[in-house]
Amino acid sequence: MSYSEAAKEPTQQEKATMPQKILDQVQVDKKDAKLALANLYVGFVALLLGGVAGLLQVFVRSGLFTLPANIGYYQILTLHGVLMALIFTTYFIYGFQIAGVSRTCGTLSATQRGLGWIGFYVMIIGTIMAAVMMLLNEASVLYTFYAPLQAHWIYYTGLALVIIGSWISGLGQVLRWIQWRKEHKGQTTPLLSFMVVCNNLLWFVCTLGVAIEVLVFLIPWSLGFVERIDIAITRTLFWYFGHALVYFWLLPAYMVWYTVIPKVIGGRMFSDGLARIAFVLFVLYSIPVGVHHQLMEPGISGFWKFLQVVLTFFVIIPSFLTAFSLFATFEIRGRENGGAGLLGWFKKLPWGDVRFFAPFIGMVAFIPGGIGGIINASYQMNAVIHNTIWVTGHFHLTVATTVALTFFGAAYWLIPHLTGREMTKEDHKLGIAQTWIWTFGMIIMSGAMHIIGLYGAPRRSNYSEYGGAEQAKEWISYQIAQAIGGTLLFVGIILFFYIVIKLLFNPKGFEEFPIAEVSPNAQHTPTWVENFKIWGVVLAALILIAYTVPIINILQNSPMGSTGFRLW
Ligand code: HAS
């Protein structure tokens, strides 16, 4: 099938009778591709600018460099956190999800695509508002914007617009899935689109917390309408959102691992049902666990903290399911390729294919990253690491390696797929080099962060703040290691950017959007897995159980800032 033929979206009937080989060549509709690309491009610009801020920050911390022109440490730390953790991730995820829904459910309707564009522009307005305030040093409140640090109201309004825009765009994606379901009564929906719906549901529910925080508390306070703010309630609302946020980043990486990677390695998906159950478990358990970020805070009693610690251990289960499913996929494929013995299959995986290699390294990083998370969540052990730079090491392994490398690996085929170009052998080589640079950079930087974190080095603190102390001198070698690692990571971002630009000028052609078939040995997926009415009720019940009493307690016992967190 030629590229031009593939570019025509076949009807559902045609698709149903097409052999998989041809179906694989189906191109995301051009108008949908434009929307997906617009989101991806904004994400990449945020990555580049966030990378510059990251490089500056790691140098300032090392004590090797002083920022010029009155630029503040917290200013660039905020810029780095917001651009990387909130802007790069959200835009990339939306670009990928829009393309994924269009690829698996079919072209978006004009309304669905229109929602995508409206959401995109609302997000852009919000992003510009927040970015301008950060650049003017009017919003140096970090990406968690904890009160009593106060930003300009334009910053909070900008963030609120990013969230509202994401709801509008996400709705378009969900509506496409609903349409498919109506058109195919009784059939299981395409796995990737089901996953997108799960991630959007998680996002809609968790962002309600941060939306209330911003609209009800932070904006009126920053405008001077109210004098004081309740610190405990705003932090609790933030973390109601904040931990689910990390799974909002992780789930698109899991989408790639479950649906794309088996195809890339020439294998099949181990089990469709298992993948869906893992995603449903994430929807249920991502939200009622936010208090594990507040284990060291007053205002929430030990029992409720313990309950959320237990629920946190439940949210680890779908990651174990994923690890099991992926190992099985890799081993089965490796053995099909002739790998013998206990580990012979490992050598038979396609190590020269960056579409596999980059996400694979992301998976490997998630083994120590996940262990670190389990340590963080282990109640008393949290006392050792909380507010130390260990936590920064943890999230650079999880979001900045596991998730970022998977996104990079996906970008290498997604961009040519959406622009109607080919991926060349050179792109694979460059991508693999980029992955190695990132890996070494992160081992050095995150490794140093984990180690000095255990010695008690604080996170979010400028070297000059403890520069005179004896400990700071002891830690200097680790700080320099962080600067070296950070520099490698910056080189990695520049190389990634170069590859993206190169991909845009590659020869015209066709690059596959790989979607794996399910193994014929897999069990049939039960229909109840797709019943969001049940999951909605269970989710609401879990949230009410985990949060009702703690929030009532906070409201009763800490009326507007009298909890020991007094504003003055
Ligand atoms: Fe976390 C803090 C607990 C996962 C991100 N986390 C953070 C912060 C961020 C973050 C950004 O309980 C800092 C927030 C801030 O600014 O204050 N985290 C966990 C737990 C998990 C976890 C229990 N975190 C993540 C993920 C993130 C992320 C994912 C981003 C994407 N985290 C915490 C806690 C804190 C915290 C506390 C607060 C600390 C404090 O006091 O401030 C779990 O979800 C982890 C489960 C993961 C696993 C790993 C499974 C492994 C897989 C790979 C298999 C590999 C294969 C490859 C198949 C159990 C799936 C084959 C390999 C071969 C070698 C062949």
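**Exercise 1. Helix 9 against helix 19**

Which residues in helix 9 meet which residues in helix 19? Work out the contact, then the orientation of the pair.

*Solution.* Keep in mind that this is a predicted model.

Step 1: Start with the contact list. On the helix 9 side you'll find Ala 232, Ile 233, Thr 236, Trp 239 and Tyr 240, and they meet Ile 543, Tyr 547, Ile 551, Ile 554 and Leu 555 of helix 19.

Step 2: Sort them by class. That gives nine nonpolar residues, one polar and no charged.

Step 3: Now the geometry. Helix 19 covers residues 532-557, and its axis lies 10 Å from that of helix 9, at an angle of about 165 degrees. Angles over 145 degrees count as roughly antiparallel, so helix 9 and helix 19 are roughly antiparallel to each other. Their crossing is left-handed.

**Exercise 2. Helix 9 again, with another partner**

Take helix 9 and helix 11, and find how they are oriented and what sits in their contact.

*Solution.*

Step 1: Helix 9 runs over residues 231-264 and helix 11 over 302-336; the angle between them is about 20 degrees and their axes are 11 Å apart. With the cut-off for roughly parallel at under 35 degrees, helix 9 is therefore roughly parallel to helix 11.

Step 2: Check the hand: helix 9 and helix 11 cross in a left-handed way.

Step 3: Look at who touches whom. Helix 9 brings residues including Tyr 247, Tyr 254, Trp 257 and Tyr 258, while helix 11 brings, among them, Val 315, Pro 318, Leu 321 and Phe 330. Tallied by class, this contact of helix 9 with helix 11 has twelve nonpolar residues, four polar and no charged.

**Exercise 3. The iron and its helix**

Find the protein donor to the ligand's iron atom, then follow its helix to a neighbour.

*Solution.*

Step 1: The iron has a single donor from the protein, NE2 of His 394, at 2.2 Å.

Step 2: Place that residue: His 394 is in helix 15, residues 389-419.

Step 3: Turn to helix 16, residues 425-454. Its axis and that of helix 15 come within 7 Å and cross at roughly 170 degrees, which makes helix 15 roughly antiparallel to helix 16. The classes in this contact of helix 15 with helix 16 are 14 nonpolar, twelve polar and no charged.

**Exercise 4. A length check, and some backbone oddities**

Test the span of helix 6, then hunt for unusual backbone angles.

*Solution.*

Step 1: Helix 6 (residues 110-135) has 26 residues, so at 1.5 Å a residue it should span 38 Å; the C-alpha atoms at its ends are 37 Å apart, which agrees.

Step 2: Know what counts as unusual. Most residues other than glycine have a negative phi, and most peptide bonds are trans.

Step 3: Go past the end of helix 6. Asn 137 follows this helix with a positive phi, near 65 degrees. Pro 148 sits in the loop between helix 6 and helix 7, and the peptide bond joining Ala 147 to Pro 148 is cis, with omega about 10 degrees.

Step 4: Move on to the loops around helix 14. Tyr 379 has a phi of about 35 degrees, positive although this residue is not a glycine; its loop links helix 13 and helix 14. Asn 387, in the loop between helix 14 and helix 15, also has a positive phi, near 60 degrees.

Notes. Residues numbered from 1 in each chain as written. Predicted model: local features only at pLDDT ≥ 70, side-chain atom pairs only at ≥ 80, totals over all residues. Heavy atoms only, no water. Axes fitted to C-alpha atoms, helices over the stretch in contact; angles between N-to-C directions. Helix = DSSP H or I, 4+ residues; strand = E, 2+ residues; numbered from the N terminus. Parallel < 35°, antiparallel > 145°, perpendicular 65-115°, else oblique. Left-handed = near helix turned anticlockwise from the far one by under 90°. Contact = heavy atoms within 4.5 Å. Nonpolar A, V, L, I, M, F, W, Y, C, P; charged D, E, K, R; others polar. Donors = N, O, S within 2.8 Å, 3.2 Å for Na, K, Ca; no water. Expected span 1.5 Å × (residues − 1).
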